[in-house]
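Here is a briefing on a two-chain complex. Please look over the sequence and the structure before reading on.

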Amino acid sequence: MRALAWHGRHDVRVDTVDDPEIVNRRDAIIKVTSTAICGSDLHLYDGYIPTMKAGDILGHEFMGEVVEVGPGSTLKKGQRVVVPFTIACGSCYHCGKQQFSACDNGNPADNQDIAEKLYGQPMSGLFGYSHMTGGYAGGQAEYVRVPYSDVGPIVIPDGVDDDKVLFLSDILPTGWQAAENADIEPGDTVAVWGCGPVGLFAVQSAFLMGAARVIAIDHFPKRLELARRFGAETINFEETATYDALMQMTGGIGPDACIDSVGLEAHGLFVDNVVDQIKKSTFLGTDRIHSIRQAIVACRKGGRVSMPAVYGGIVDKFPLGALMEKGLTLKTGQTHVQRYLPGLLNAIMEEKIDTTFLISHRMPLEQGAEAYRMFHDEQNDVTKIVLKPGMASAAAATA
Amino acid sequence: MTDGATNSGQDDAPLATSKHGDPAGETGGRMRETAGDQITSRAVTINRPRTELYAYWRDFANLATFMENVERIDVKDATTSHWVVAAPAGKTVEWDALVTEDEAGSLIAWESAPGADVPNSGRIEFVEAQGGRGTVVTATILYDPPAGVVGKIVAKLFQREPAIQARRDLRRFKQLMETGEISTNAMNPAQAAAKEV
C-alpha cells in the first residue's frame, strides 16, 4: 500500500509498504477514505517529539471502510467507521472509568518503558505518534490495522459525508473535552488561546455549554475570522496586549475559564518565549509555554484553566505562585475520545456543531509531503487539510 | 498490606524498594528456599478475580505465552516443571523448577533445582485489591548475579536487568488476562512473531 512516512525533521514521504494484516483477535483492518493532518502532527514534523524512527507511518485522524475483521471484533465488513486516535482496551480499570487515554494496555509492554520513566506511569497507545505511545502505524495510509476494534471505532450511518464526521477521531472531542474541563457555568466568560481546529471546536463547545461570552486569541486573521463566525470576540496578540485587553473586556475580573489550545510550539516574540526557544535549542528545556503562562495569569481568582494543548516535557518559569495564590483549578490530558463519540455524532447529525467549515484543502494522499509543507508554512490560509487516498488513483489515472 | 516483606521495619514500603542493606539476604524468613543473591519485585493491579489469575499462573505451561524469553515450560508433575529459555545465538538455557509453596488463589513460590546454570527462585502473590479493582499481583524474583561465561549469556538473556524483563512480562500478563490478547504494534503476524518493538 501507499503510506505517508516520517523520515526526519521536515522530511515526510509517501512510500510503498506492506499492507497491514489482522494480528490479534480484536483487530480490524480499515481502508482509509479520509485522513487529516493534525496540528500535533506538526510537532512531529518539526522534530520536537522524541522516539520517532525513520519510516514511521503518521496520522491519527482517520476514517474508512472495514475490510477485514478478527474473530473478536464487533465490526462488520463494509461498515464505515471513524477511529479514535487513542488506542484503548476497554477492559482495564481506567477504561472502566471512561479514562480511555489512560488505558493500561493499549500501549505494547516494551513501549511502555519510556513513558513510565518520563511520566511515572505509561499512557494509552496512539496511532502514528512515536514509539513512546506504542509505535503504531498511523492512518495517513491506504490501510490501517486497528487494535481493539470492538471498543474504539464508531459506526457512521449511511449517507453522512466523511467531511462531517472525520473530526470525531480527535479534534472535535478534544475541543469538547477542553470546554468540559473548564467547568463552564451559565454567564461565564471563557478565553481560548489558539484558534486552530481544537480552539475553534472549544469555542463552539463553550457556547453550547452555556458560556455568555467567548474571547478567542490568535495572530492569524483568517483563524480569528472563523472564531468570530461562531460568536466569539477576538484578540490578535500581535496587535494587542492580551492580558490588558482581557482585563478590560472582563471589567477587571479576568476570564472565568481559560483554555490553552496552543501547546509546546507557542508563537510570538515574548521574553519568556525567546528564553524557552534558546533553552530548547540548547536542550535545557523542551517546551515553549507562553500561552499557558498567560492563561494562568489572566484567569480570574478561583477560576478554571483547561489545557488540551500538547506538552511533552519539563518546563521552568511556570507561574506556580499565581496558580496557588489565586486558587485556580487546572485540568488537562489527552482526550478520552471514546467517551464522547455517541453524543458528538448526535450533535453533528442534529447540526448543533458545524465541522465542515474547518476544511480548507482536500488533497490526494500522494501529495502528502506538499500538504505538510503547506500546513506548516501557511497557517493563515491552511486551517485543515484532508488527505484522500481515493483521490490518488483518480489523479494518477488522469495524469 | 499486600506483602509482609516490608523494608526492615523502618516503614511500610516493599522490601525490594529499599535503598539500603541487603534486601535479598533479608528475605530469609519470607522466601524460605531462596536461590540467588539479587532481588527484583514489582506489583501490578489486574482487573480480574484472583482465583482466575492464580489458576492461569499455576499451570506453568501457560507462562511461555507472556514471558518473552521463555520458549516453553514442560510440566512434569504437580511440583516439578522444566524451563527452556532462549539464549543468544539460538542457544537455550534449561533448568528444572520445584514448587516450594502453593496456596490456592493466593500464592505460588518456586525455585530452581540444585545444579541449575542460573540459580533462581520466584514468588507470585495474588491479593484482592481494594475498591473492586481486581487483584494486586506481586512478583518477586531472586537470581544469582551474572558472572563468567554463563553470566554473560544470562545478562543478555535478561536484557542486562531482570527487572526490565520482569516488568515487561508482568505487563503482558496483565494485557492477556484483561483483554484476552497481548498488545502489539506489528503490521502482520510475521512481525508479531519476531517481537519487534
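A:Leu330 has 16 C-beta neighbours inside 10 Å, fewer than the 20 needed for a buried residue but over the 12 that would make it exposed, so A:Leu330 counts as partly exposed. The model is predicted. The predictor gives the complex an ipTM of 0.89 and a pTM of 0.89.

**A:Leu330 and its surroundings**

- A:Leu330 lies in strand E16 of chain A, which covers residues 329-332.
- Leaving aside residues up to four places away in sequence, A:Leu330 touches A:Val305, A:Met307 and A:Leu323.
- A:Tyr129 is 201 residues from A:Leu330 along the chain. The C-alpha atoms of A:Leu330 and A:Tyr129 are separated by 25 Å.

**Chain A as a whole**

- Chain A has 14 helices and 18 strands.
- The radius of gyration of chain A is 20 Å, and the globule rule gives 21 Å for 399 residues. The two values are close, so chain A is as compact as a globular protein of that length.
- Along the principal axes, the C-alpha atoms of chain A fill a box of roughly 60 × 50 × 45 Å.
- Of the 399 residues of chain A, 55% count as buried.
- Take the contacts in chain A with a separation of 6 or more: 72% of them come from residues 24 or more positions apart.

**Domains of chain A**

- The domain assignment splits chain A into domain 1 (2-170 + 335-398) and domain 2 (172-332).
- The centres of domain 1 and domain 2 of chain A, taken over C-alpha atoms, are 26 Å apart.
- Domain 1 of chain A gives 24 residues to the contact, and domain 2 of chain A gives 19 residues.
- On the side of domain 1 of chain A that touches domain 2 of chain A, two elements give two or more residues: helix H1 (39-45) and helix H12 (337-349) of chain A.
- That side of domain 1 of chain A has 10 nonpolar, 9 polar and 5 charged residues.

**Database annotation on chain A**

- An unreviewed UniProt entry lists residues 26-153 of chain A as "domain: Alcohol dehydrogenase-like N-terminal".
- Over residues 26-153, chain A is 15% helix and 25% strand. The end C-alpha atoms of residues 26-153 of chain A are 12 Å apart.

**Interface between the chains**

- How many residues of chain A are in contact with chain B? The contact joins 28 residues of chain A to 21 residues of chain B.
- By class, the side of chain A that touches chain B has 10 nonpolar, 11 polar and 7 charged residues.

**Chain B**

- Chain B has 4 helices and 7 strands.
- Along the sequence, the elements of chain B follow the pattern β-α-β-β-β-β-β-β-α-α-α.
- Of the 197 residues of chain B, 33% count as buried.
- Among contacts in chain B between residues at least 6 apart in sequence, 47% join residues at least 24 apart.

**Confidence in chain B**

- Chain B has a mean pLDDT of 82, and 73% of its residues reach 70 or more.
- Helix H1 (residues 50-58) of chain B has the highest mean pLDDT among the elements of chain B, at 98.
- Helix H2 (residues 148-157) of chain B has the lowest, at 60.
- Predicted coordinates should not be read in detail where pLDDT is low.

Methods: Residues are numbered from 1 along each chain as its sequence is written. Chains are lettered from A and ligands numbered from 1 in the order in which they are written. This is a predicted model: local features need pLDDT of at least 70, side-chain atom pairs count only at pLDDT 80 or more; totals for chains, interfaces and linings use all residues. Domain bounds come from an automatic or database domain assignment. Two residues are in contact if their C-beta atoms, placed from the backbone, lie within 7 Å. Ala, Val, Leu, Ile, Met, Phe, Trp, Tyr, Cys and Pro count as nonpolar, Asp, Glu, Lys and Arg as charged, and the others, Gly among them, as polar. UniProt positions are given in the numbering used here, feature names are shortened, and annotations may be inferred rather than shown by experiment. The radius of gyration is taken over C-alpha atoms; the globule rule is 2.2 Å times the number of residues to the power 0.38. pLDDT is the predictor's confidence in each residue, from 0 to 100.
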